[in-house]
Amino acid sequence: MIRIKPGVRRGAGRRPLRRVLALGLPAAWGAMAVSYKLACPLAQQNGLGARVVTSAVFLAVGTGLILHVRHALLRELKEARRVAGVAQSALLRPLPPRIAGLNVAAAQVSADSGAAIGGDLYEAIATEHGVRVVMGDVRGHGLAAVSTAAALLGSFREAVHDEPELGSLLRRLERALARHLRERARGEHPSAGAEPDNPVAEEFVTVLLLEIGPDSEMHFLNCGHPWPHLLGEGRAKPVVRADPLPPLGPFPLPPELDLQHCGRLRPGETLLLHTDGVEDARDGRGRFFPLGEVLARYVRDTSVAVPQAVLGSVFTALLRHTAGTPADDMALLALRNDRCLQRATGARRTARPATAHPQPTTHL
């Protein structure tokens with residue numbers, strides 16, 4: 001038999017007290033005003049002094065009521081933000097700093113004020129097939145984009161371990177998106193009246209799938225997403241220049257998927273994935289953000305491209321370029337290959353700049 005000890009739920013005993021205070025304080029203020037008006041002799045007089053005192057009493061009562069309501073609203077807002085923060089962390093959860101020997105860093109900025117996430121999505125998971133990464137961008141932003149991103153991330157996290165090929169993983173994401181859009185259309189369909197235009201007919205998502213195998217071989221599948229940049233040997237360049245597939249949503253995937261094999265991510269090299277909100281960001285004169293120039297300047301001034309530092313440098317330049325007010329959601333994800341560097345450091349007991357603070361290697 002399970003026994004529930006009293007006092008296990010800390011907040012349970014405080015809720016009745018809060019409700020009493022929420023109702024009792026305004027009632028007390030109101031009772032004080034009514035009692036003054038009916039029982040105080042000064043309130044019955046018509047002289048200037050009596051009117052000043054009466055006005056002061058009612059002003060104090062009104063001010064007290066306003067302050068009480070404001071305090072209650074701020075408390076509810078704080079609680080709502082806390083709950084939203086927990087939900088947002090569960091959706092776009094922080095990535096671990098190391099995944100199977102890769103140094104990883106990710107960050108994003110939402111275009112909606114007060115929102116921690118938007119229509120951008122990313123995830124990186126170590127599987128028996130290698131480290132698999134998804135980066136995507138849902139059309140638009142706001143709650144509708146967040147729900148679509150949640151559907152795709154849920155499908156990716158479930159299928160990433162089951163599907164042996166990136167192509168089959170991409171088709172799972174396509175089916176998940178189609179199912180989500182159908183459910184949204186049913187939810188927005190009225191119970192009576194004429195059938196409206198499909199509000200989700202033009203929804204689409206750009207998706208980039210990356211697989212870094214145990215031998216550091218890189219494979220990509222790209223549906224309308226910007227290609228990543230490769231940072232190494234003092235230069236930064238797009239890892240692929242081929243035309244991507246169409247975004248998911250408007251058109252079905254072709255029978256044959258164009259899987260891009262891009263060689264190995266060599267030790268010390270960094271791969272930077274980003275959404276199109278980064279390159280499409282404009283300044284006050286309408287100029288696009290020069291991501292390639294910023295990355296080239298960074299690798300010229302830095303001997304080792306540390307993922308956390310790369311993200312900090314790019315976001316600093318982005319916020320300066322947009323004057324701190326981005327018009328679209330933006331996300332960045334950087335991965336650096338530290339696998340061979342770690343083995344060399346452990347075997348020779350030497351310290352390299354890229355492994356000044358070595359950590360235990362995580363094996364697949």
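Me: Are Phe220 and Trp227 buried or exposed?

Reply: Both Phe220 and Trp227 are buried, which means under 20% relative accessible area (exposed is over 50%, partly exposed in between; 1.4 Å probe, protein chains only). The model is predicted, so local features need pLDDT of at least 70 and side-chain atom pairs pLDDT 80 or more, while totals for chains, interfaces and linings use all residues. Residues are numbered from 1 along each chain as its sequence is written, and side-chain values use heavy atoms, without hydrogens and water.

Me: How many aromatic pairs does the whole structure hold, and what makes a pair edge-to-face?

Reply: The search finds 1 aromatic pair. Phe220 and Trp227 form it, at 6.1 Å centre to centre with 80° between the planes. Rings of Phe, Tyr and Trp (its six-membered ring) pair if their centres lie within 6.5 Å; planes under 30 degrees apart are stacked, over 60 edge-to-face, the rest tilted. The values 6.1 Å and 80° therefore make this pair edge-to-face.

Me: Why does Thr127 count as buried?

Reply: Thr127 counts as buried because its relative accessibility is 5%. This residue lies in strand β3 (residues 120–127); a strand is a DSSP run of E of at least two residues, a helix one of H or I of at least four, each numbered from the N terminus.

Me: Which backbone atoms lie by the polar side-chain atoms of Thr127?

Reply: The backbone nitrogen of His129 is 3.1 Å from a polar atom of the Thr127 side chain. For the backbone oxygen of Gly130 the distance is 2.8 Å.

Me: Why does Arg282 count as partly exposed?

Reply: Arg282 has 47% relative accessibility, so it counts as partly exposed. Arg282 sits in the loop between α6 (276–279) and α7 (291–301). Beyond four places in sequence, Arg282 touches Arg287, Phe288, His321 and Thr322, where contact means heavy atoms within 4.5 Å.

Me: How far away is the nearest side chain of opposite charge to Asp137?

Reply: That side chain is Arg139, 10 Å away, and Asp137 is buried with no salt bridge. A salt bridge needs a side-chain nitrogen of Lys or Arg within 4 Å of a carboxyl oxygen of Asp or Glu. Asp137 belongs to strand β4 (residues 130–138).

Me: What makes β1 and β8 edge strands?

Reply: The open sheet has 6 strands in the order β1-β2-β11-β10-β7-β8, with antiparallel pairing. Strands β1 (98–99) and β8 (235–238) each pair on one side only. Two strands pair if DSSP finds at least two bridges between them, and 2 bridges join β1 to β2 (residues 102–109).

Key. Lys, Arg positive; Asp, Glu negative; His and termini not counted. Polar contact = N/O pair within 3.5 Å; in protein donor to acceptor, adjacent residues only side chain to side chain.
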